[in-house]
Each structure stands twice: as structure tokens, then as C-alpha cells.
Amino acid sequence: MKPTSETPVIVIGAGVSGLVCAKTLADRGVPVTVLEARQRIGEPWRSRHPALRLNIHRRFARLPGQDAPRCDGPFLRRDTVVAHLERYADRLGAEIRFGTDVTALAREGGTWRIETNVGEFHAAHVVIATGRDRFPHIPDWPGRAGFTGAFLHAADIGDVSRFNGKRVLVIGAGNSGSDVLNHLSRHAPAEVLVSVRHGPAIVPPRIFGFPLHRMARLFAAMPLSLVDPAFRLTQRLFLGNLARYGLKSHPEGGGTRLLRDGVAFAIDDGFVSELKSGRMQVVSEVVRFDRGRVILAGGGECSPDVVIAATGYRSGLETLLGPLGVLDADGQPTHPMGEPDPANPGLWFAGFQPIFTGYFDAARIAADRITGAILAQRSPTGARSKRHTGQRAAFSQPQPAFGGGEARSDYLKTGETK
């Protein structure tokens, strides 16, 4: 029989949100154990494109008690982020159990039972910090299984130089799609087509040399009625009328879609100039696959050597949490950022709400909320610690196994334009 372990708090996932929550709890004297499905910190980062950089400014990539490295300039490189997280984990003050997949979660009396591949855990509190974008999502296009070309998700893009001389179709121009296109713009594919359904909200990384994301707190303080037009104007002034090249704008504003739907802005770092020069071309929505052909809406078609689906991600939480009624229709938590759920006391979520300042900052906010609430319950008087009083939302505007931290790290957290 596998062993049973009991601890006051279990954090599932050792990504940014899981680590920050665990350290915040440990620093306040709350014993906590972190369960991580993978074998080391930052595993999802290590498999990403070697030239990947954060699209959030270094200022917003700090961790509580640990500033972000300054060696890469405003936007951290992939390997720098991994080292940043490893250093944080080394001084966590909490145990991380690697290789621990969570397979079932249920409430029994006043505690939660967490079943894993290495044994059973019991805890008064469970923090789910596996991320809203854990599993790549690919639509079930008719005929895709019989496609004779190469097909991959944007999560598996790897070294983009391998597409030199190839005809490439990128499906989706949102956050991860624009990232793929930016990388392709610095290489030599024979052809790049971009299939879009809804146009993305696109912003430049810098304005007159100043990193745009450096102003994220200003955006967060503004009403969406001002933010959305401001970003539309920024796109038009600095990138031009992209509708002339087939890339229309979504009728809803980028700020609204980020906060409401988790759809992050697309960042131009080279692909817009390729679009204007004709080296990249926009085509209509993909309808189906027919062996070596891709059939498009309106009767068009193309015959790419490689199809890259930048079609978003899913949390994959339905198999673990579906019966608890804590997820919305898209499989995302209804209390995504450390808010208490009266129907499920002791169950918390961190890392599931995009905000303008990015997911590092969101991790801190969720961790402070959760820690404050747990301390209040543990206190004999039920009073909150002064440090956590009045914490407010910053965003007011086979079966999968669990335990891995957030798998994405793009712009203002995550999200796709589909």
C-alpha cells in the first residue's frame, strides 16, 4: 500500500504561481509541500525555442524577495528565466516532491485527499497552480490525421531554422502565433502563410525605444473604455493599417479580451514588416485537410510542407476537478486568483487570471490572498494578519496527470487569438 502523508497545505505545481505561493506561506510559518509532476524546475521553459524571450518587462518578472536578473536587458531570455526560477526554488523553505502526478482530488470531512502516483496526501488546503495553458489545444479539423505534411503545435516549434526552404502555414496570429511568426521572420522559409479567423490586437514591443510593457501599471489603472481605444490607436500609429494586408482587427478591444477571456496581445517583433513586404501573406480560416492540401474558407487552398497550429492551450482540469463545479465552460476556474470558494473551503487557485502586469505579478497577488485567508483561519481570533488585510484584485477591470507548474510564459500571461 502506498504511504499516506498529511500536511497543512499542498501546492500542486512548481511553476511561478506555485513557487510564489509556497514561499509566501512558508515565510509566514505555514508548513507547505509542493507536488510537481516533472523532474525539475522550469521544464516547460527548457523545451521552448532557444531564442525565446519574455514579453513582460523585467520589472514585472521579479519574484517576492528576488529581483529579476538584469543581464538580458528589459526582456529575459529563456535560460535566464529557468535560472531565475531555480534560484527561487533553492531558497523556498518548503519541500518540492518532483515526479509526483496528482490523479484524483476529493474532500473528506474537513480535509482534502490528494491521490498521486507515489502515495496519498491529506491537507486542509490545496492550491492548484498548474496554469491555464498547460495542454496544447488543436482543433479537430476534418482530414487532419491524414495530412501528408509535417504538423505540430506552436508549443513544439523548437529550432526554427529547420523550416528554412519550407512552405509554412501558421494557423493563428495571436500571442503564440505572433511569436512563431517573429522567429520565422529571422530565418529563411520559402513561404509563410498566416491563417486567421479573428484579427488579433497587435502592439510593438517598444515605442520610440521605450518598452511598452513598462507602462503596464498605468494600463491596469485605466478604465477599459480608455485602454481599448488607446491600444487601437497605438497599433494604427506604429504599425499602420494592417487590414490592407489582410490582417483585420478584432471588433473587441485588446484590454477587454485579455481580462475577460485571457486572450493576450500579439507582439510584433518582425512579422509585420514581413507582412508588408509580401514575404508573409494572410489567408482565410482553415476548414479541413485533404492529404497534402489545406482547404480554406471561401474556397481557397494551399499545400504547405509544414503546418504550425498556434491555436491555444487548455488547463486540462476537467478530469481532476469536473465533479466539484469549480470550472467554467472553458475549463478555467471560476475563482482564478486566490479568491475563496464557499462551496469548496480549502481549495484555492493561482495562476489562472491574466492581468496587465503579467503572471509574475498575478502570482504574488494570489499568493498574498491565499496566505492571508489561511492565516486568518489558523489564528485563534480569526483575524487577518495586518500584512494581508484589504488585499484587492489587480484585475478589476491515457488521462492527464497533474502537478506541473504553468507551461506558458508569453506576453501579459497567456491566451490566444483564435
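A disulfide is a pair of cysteine sulfur atoms within 2.5 Å. I started my notebook with that term, since I wanted to look for such pairs here. The model I am reading is a predicted one.

**Entry one: cysteines**

How many disulfides does the structure hold? I found zero. I then looked up two cysteines to see how well covered they are. Cys21 has a relative accessible area of 0%, so I noted it as buried. Cys302 comes out at 8%, and it is buried because that value is under the 20% cut-off.

**Entry two: helix H1**

Next I turned to helix H1, which runs over 16-27. I checked its length: at 1.5 Å a residue, its 12 residues should span 16 Å, and the end C-alpha atoms are indeed 16 Å apart.

Is H1 largely enclosed or largely open? Of its 12 residues, 11 are buried, so the rest of the structure largely encloses this helix. My list of the buried ones runs Val16, Ser17, Gly18, Leu19, Val20, Cys21, Ala22, Lys23, Thr24, Leu25 and Ala26. I was pleased to meet Cys21 again there.

What covers these residues? The cover includes strands S2, S3, S4 (95-98) and S8 (125-128), along with helices H3 and H10. Just after H1, I also jotted down Gly29, which takes a positive phi of about 85 degrees.

**Entry three: the nonpolar cores**

Leu19 of H1 led me on to the largest nonpolar core, which has 47 residues. Within this core, Leu19 and Leu54 touch the most other members. I looked up which elements each supply at least two of its residues, and they are strand S2 (9-12), H1, strand S3 (32-36), helix H3 (78-90) and helix H10 (359-378). H10 gives the most, with 11 residues.

Which residues does Leu19 contact, once its neighbours within four places in sequence are left aside? I wrote down Gly13, Ala14, Ile41, Leu85, Tyr88, Ala89, Leu92 and Ile96. Leu85, Tyr88 and Ala89 fall inside the 78-90 range of H3.

There is also a second, separate core of 26 residues, and Val160, Phe163, Ala173 and Met280 are among them.

**Entry four: Gln353**

My last stop was Gln353, in the loop between strand S23 (347-349) and H10. Is this residue buried or exposed? Its relative accessibility is 10%, so Gln353 counts as buried. I then followed its side chain and found that it reaches the backbone oxygen of Leu259 at 3.3 Å.

Notes. Residues numbered from 1 in each chain as written. Predicted model: local features only at pLDDT ≥ 70, side-chain atom pairs only at ≥ 80, totals over all residues. Heavy atoms only, no water. Buried < 20%, exposed > 50% of the residue type's maximum accessible area, 1.4 Å probe, protein only. Core = buried A, V, L, I, M, F, W, Y, C linked by side-chain atoms within 4.5 Å. Contact = heavy atoms within 4.5 Å. Polar contact = N/O pair within 3.5 Å; in protein donor to acceptor, adjacent residues only side chain to side chain. Expected span 1.5 Å × (residues − 1).
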